[in-house]
Amino acid sequence: IKTVYLLEPSDLSMRFFFLLLFLVSNLVGCRSVKSVFQGSTENANDIVQSEETLHAQLEAVLRAELKPWKGTPHVLGGNTMQGVDCSGLIKEVFADALNVEIPRTTGQLIQTGKSVRKSKLIAGDLVFFSPAQKKGGHVGIYLSSGEFTHASSSRGVMTSNLSNPYWSKHYETSRRILDETDELRAAIERVQARQKLAIEMQSGN
């Protein structure tokens with residue numbers, strides 16, 4: 001003889017209630033987790049876009065600053081538009097464009113900042129070359145798409161490309177001076193403030 005236990009209506013109601021509560025909790029939980037992951041992804045995308053914008057702004061600032069230097073003859077130890085050497089150009093551009101003080105010689109610059117892979121270069125990175133077996137003997141400032149501007153000993157200030165066989169052969173290393181996003185943003189904000197002031201002064205005249 002089998003004993004059959006019948007559930008009272010109140011028992012069925014309670015079980016149904018707890019089952020419904022369990023299902024709703026899981027659905028809300030899944031949605032919450034999904035929202036967290038979506039939020040993390042969106043934040044990460046915002047950060048990437050923000051950094052890309054900063055790099056583009058920095059490149060524009062550097063190109064504008066370097067334009068008047070084009071064609072300046074190479075003069076060892078020089079740091080003016082009458083004559084400049086490779087490290088002098090870098091120091092002047094960083095000081096004038098970004099209000100950032102850096103060392104004067106290539107030997108000092110190659111130890112400044114942090115090392116960065118050639119494939120990860122961004123605007124403002126320094127690229128070093130070793131022509132004539134002279135370690136760190138030449139430096140340029142990277143822009144984008146393989147382009148860098150430097151003071152060539154034979155042709156003065158010019159823009160070259162890392163894909164050029166000569167520069168590719170003598171490429172040594174790269175250094176990033178503005179490492180942190182906050183440093184980069186602060187430098188660009190200083191430039192923008194200076195440009196705004198210059199425009200206001202011209203309007204006042």
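In what order do the 6 strands of the open sheet lie? The legends below take up this question and then turn to closer views of a predicted model.

**View 1. The open sheet and its edges.** The 6 strands follow the order E3-E8-E4-E5-E6-E7, and their pairing is antiparallel. Strand E3 (114-115) and strand E7 (156-161) form the edges, since each of them pairs on one side only. Helix H2 (residues 86-98) packs on this sheet, where it touches strand E4 (126-129) as well as E5, E6 and E7, and the direction of H2 makes about 30 degrees with that of E5.

**View 2. The chain as a whole.** The chain contains 5 helices and 8 strands, and, read from the N terminus on, its elements run α-β-β-α-α-β-β-β-β-β-α-β-α. Of its 205 residues, 36% count as buried. Among the contacts in the chain with a separation of 6 or more, 55% are made by residues 24 or more positions apart.

**View 3. Strand E4 between its two partners.** On one side E4 pairs with E5 in the antiparallel sense over 4 bridges, and in this pairing phenylalanine 128 stands opposite valine 139 of E5. E4 also pairs with strand E8 (residues 171-176), again in the antiparallel sense and over 4 bridges, with serine 174 in E8 as the bridge partner of valine 127. In a regular strand the side chains alternate between the two faces of the sheet. Along E4, Leu126 and Phe128 point one way while Val127 and Phe129 point the other way, and all of these residues are buried.

**View 4. Strands E5, E6 and E7.** Strand E5 (residues 138-142) and strand E6 (residues 147-152) pair in the antiparallel sense over 2 bridges, and here isoleucine 141 stands opposite threonine 149 in E6. The pairing of E6 with E7 is likewise antiparallel and runs over 6 bridges. Serine 152 has glycine 156 in E7 as its bridge partner, and a hairpin of 3 connecting residues joins E6 to E7.

**View 5. The largest cavity and its lining.** The structure holds 1 cavity of 30 Å³ or more, and about 50 Å³ of space lies in the largest cavity. The residues that line the largest cavity are Leu58, Phe94, Ile122, Ala123, Gly124, Asp125, Arg176, Ile177, Leu178 and Leu184. By type, this lining divides into 7 nonpolar residues, 1 polar residue and 2 charged residues.

**View 6. Glutamate 59 in helix H1.** Glutamate 59 has its place in helix H1 (residues 9-66). Is this residue, glutamate 59, buried or exposed? Glutamate 59 counts as buried because its relative accessibility is 18%, and buried means under 20%. Leaving aside neighbours within four places in sequence, glutamate 59 is in contact with Ala123, Leu143 and Ser144; of these contacts, Ala123 also appears in the lining of the largest cavity.

**View 7. Threonine 105 in a loop.** Threonine 105 lies in the loop between H2 and helix H3 (106-109). Its relative accessibility is 37%, and threonine 105 therefore counts as partly exposed. Threonine 105 and aspartate 85 are 20 residues apart in sequence, and their C-alpha atoms are 9.7 Å apart in space.

Note on methods
Residues are numbered from 1 along each chain as its sequence is written. This is a predicted model: local features need pLDDT of at least 70, side-chain atom pairs count only at pLDDT 80 or more; totals for chains, interfaces and linings use all residues. Side-chain values use heavy atoms; hydrogens and water are left out. Two strands pair if DSSP finds at least two bridges between them. Contact means heavy atoms within 4.5 Å. Axes are lines fitted to C-alpha atoms, for helices over the stretch in contact, and angles run from 0 to 180 degrees between N-to-C directions. On a 1 Å grid over the protein atoms alone, a cavity is a set of points where a 1.4 Å probe fits but cannot get out, and a pocket is an open set with protein on both sides within 12 Å along at least five of seven lines; lining residues have an atom within 4 Å of a point. Grid points are joined across faces, edges and corners, and a volume is the space filled by probe spheres set on the points. Ala, Val, Leu, Ile, Met, Phe, Trp, Tyr, Cys and Pro count as nonpolar, Asp, Glu, Lys and Arg as charged, and the others, Gly among them, as polar. Buried means under 20% relative accessible area, exposed over 50%, partly exposed in between (1.4 Å probe, protein chains only).
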